[in-house]
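Here are a few exercises to work through with a protein model at your side. Try each task yourself before you read its solution.

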Amino acid sequence: VVNFGYDPYESRYYCTWKSRNRRGRAVGIAFSSDGDRWSKPFEGPIFVADDQDPDGTQIYGMPAFPYQGMYIGLPWIYGARYFRYGQYSVDKLHEAQADSPRTMEVQLAWSWDLVNWTRTVDRKQLIERGEPGSWDGGMIVTARAPVIVGDQLYFYYGGTDKVHDEKRANAGIGLATMRLDGFCSMATAGAAEG
């Protein structure tokens with residue numbers, strides 16, 4: 001799982017790639033000035049599931065894009081257990097995730113440098129999966145970046161009606177929209193402290 005982009009702030013290319021840590025799948029980063037020779041600031045991941053995530057959370061991939069002077073990431077959250085010990089193998093991976101939901105959803109992350117990332121505390125889905133059995137009820141993965149159309153952001157995404165590793169999944173392409181700059185907003189706190 002690899003996603004490429006261009007960083008206009010630093011005049012370089014970047015690539016997020018599927019890495020691993022003690023919780024399973026995670027995201028690493030590499031940079032290139034010419035698109036030919038690449039280097040990693042760290043051999044391991046720069047974006048991982050953490051202690052605020054439910055047990056059995058992995059980061060399957062993360063497209064990222066420059067936006068308004070910073071970077072927005074769209075981490076693909078994979079709901080599956082992972083053995084944290086012993087030798088890694090595909091059979092062991094499938095055994096570990098056998099009783100897991102194996103769904104994939106999209107959350108929101110942001111960074112000032114493509115290395116240090118922050119997510120919302122509630123870990124809310126940015127694009128919600130459909131109801132079980134619907135065309136996007138099993139998994140959702142996004143395009144690298146939204147398209148600006150007028151005063152809207154168009155997020156194109158792929159969805160499947162089945163979960164990861166299920167055979168014969170039906171897939172489709174969806175569109176989710178958001179107002180321009182609509183990643184967060186201020187709201188009245190009412191009687192509670194704001």
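**Exercise 1. Two cysteines**

Does C184 count as buried or exposed? Then place C15 in the same way, and find out how many disulfides there are.

*Solution.* Keep in mind that this model is predicted.
- Step 1: Recall the cut-offs, under 20% relative accessible area for buried and over 50% for exposed.
- Step 2: C184 has a relative accessibility of 62%, so C184 counts as exposed.
- Step 3: C15 has a relative accessibility of 8%, so C15 counts as buried.
- Step 4: To call two cysteines a disulfide, we need their sulfur atoms within 2.5 Å. Searching the whole structure gives zero disulfides.

**Exercise 2. A sheet of three strands**

In what order do the three strands of the open sheet 1-2-3 pair, and which strands stand at its edges?

*Solution.*
- Step 1: The strands follow the order 1-2-3, and their pairing is antiparallel.
- Step 2: Strand 1 (2-7) and strand 3 (24-32) each have a single partner strand, so they stand at the edges with one side left without a neighbour in the sheet.
- Step 3: From one strand to the next, the twist averages 25 degrees.
- Step 4: Look at one pair. Six bridges connect strand 1 with strand 2 (residues 12-21) in the antiparallel sense. V2 has W17 in strand 2 as its bridge partner.

**Exercise 3. A sheet of four strands**

Which strands stand at the edges of the sheet 5-6-9-10?

*Solution.*
- Step 1: Write down the order: four strands make an open, antiparallel sheet, 5-6-9-10.
- Step 2: Strand 5 (64-67) and strand 10 (117-119) have a single partner strand each, so these two are the edges, and one side of each has no neighbour in the sheet.
- Step 3: Ignoring direction, neighbouring strands here are turned by 30 degrees against each other on average.
- Step 4: Now check a pair inside the order. Strand 6 (residues 70-73) and strand 9 (residues 109-111) run antiparallel and are joined by three bridges. Y71 is found opposite S111 in strand 9.

**Exercise 4. The partners of strand 13**

How many bridges join strand 13 to strand 11, to strand 12 and to strand 14?

*Solution.*
- Step 1: Strand 11 (residues 139-142) is joined to strand 13 (residues 152-160) by four bridges, and the two run antiparallel. Here I140 stands opposite G159.
- Step 2: Strand 12 (residues 147-149) runs antiparallel to strand 13, with three bridges between them. V149 faces Q152 across this pair.
- Step 3: Strands 12 and 13 form a hairpin with two residues between them, and G150 in the turn has a positive phi of about 60 degrees.
- Step 4: With strand 14 (residues 171-179), strand 13 makes nine bridges, again antiparallel. Y154 has T177 as its bridge partner in strand 14.

**Exercise 5. Two pockets**

What are the volumes of the largest and the second largest pocket, and which residues lie nearest their centres?

*Solution.*
- Step 1: The largest pocket has a volume of about 350 Å³. Its lining has 17 residues, with L108, W110, G182, F183 and C184 nearest the centre.
- Step 2: Sort that lining by class: 10 nonpolar, four polar and three charged residues. Strands 6 and 9 from Exercise 3 each supply at least two of the lining residues.
- Step 3: The second largest pocket has a volume of about 210 Å³. It is lined by 17 residues, and P54, D55, G56, T57 and G79 lie nearest its centre.
- Step 4: This second lining has five nonpolar, six polar and six charged residues. Strand 7 (residues 76-79) gives the largest share, three residues.

How values were computed. Residues are numbered from 1 along each chain as its sequence is written. This is a predicted model: local features need pLDDT of at least 70, side-chain atom pairs count only at pLDDT 80 or more; totals for chains, interfaces and linings use all residues. Side-chain values use heavy atoms; hydrogens and water are left out. Two strands pair if DSSP finds at least two bridges between them. Axes are lines fitted to C-alpha atoms, for helices over the stretch in contact, and angles run from 0 to 180 degrees between N-to-C directions. On a 1 Å grid over the protein atoms alone, a cavity is a set of points where a 1.4 Å probe fits but cannot get out, and a pocket is an open set with protein on both sides within 12 Å along at least five of seven lines; lining residues have an atom within 4 Å of a point. Grid points are joined across faces, edges and corners, and a volume is the space filled by probe spheres set on the points. Ala, Val, Leu, Ile, Met, Phe, Trp, Tyr, Cys and Pro count as nonpolar, Asp, Glu, Lys and Arg as charged, and the others, Gly among them, as polar. Buried means under 20% relative accessible area, exposed over 50%, partly exposed in between (1.4 Å probe, protein chains only).
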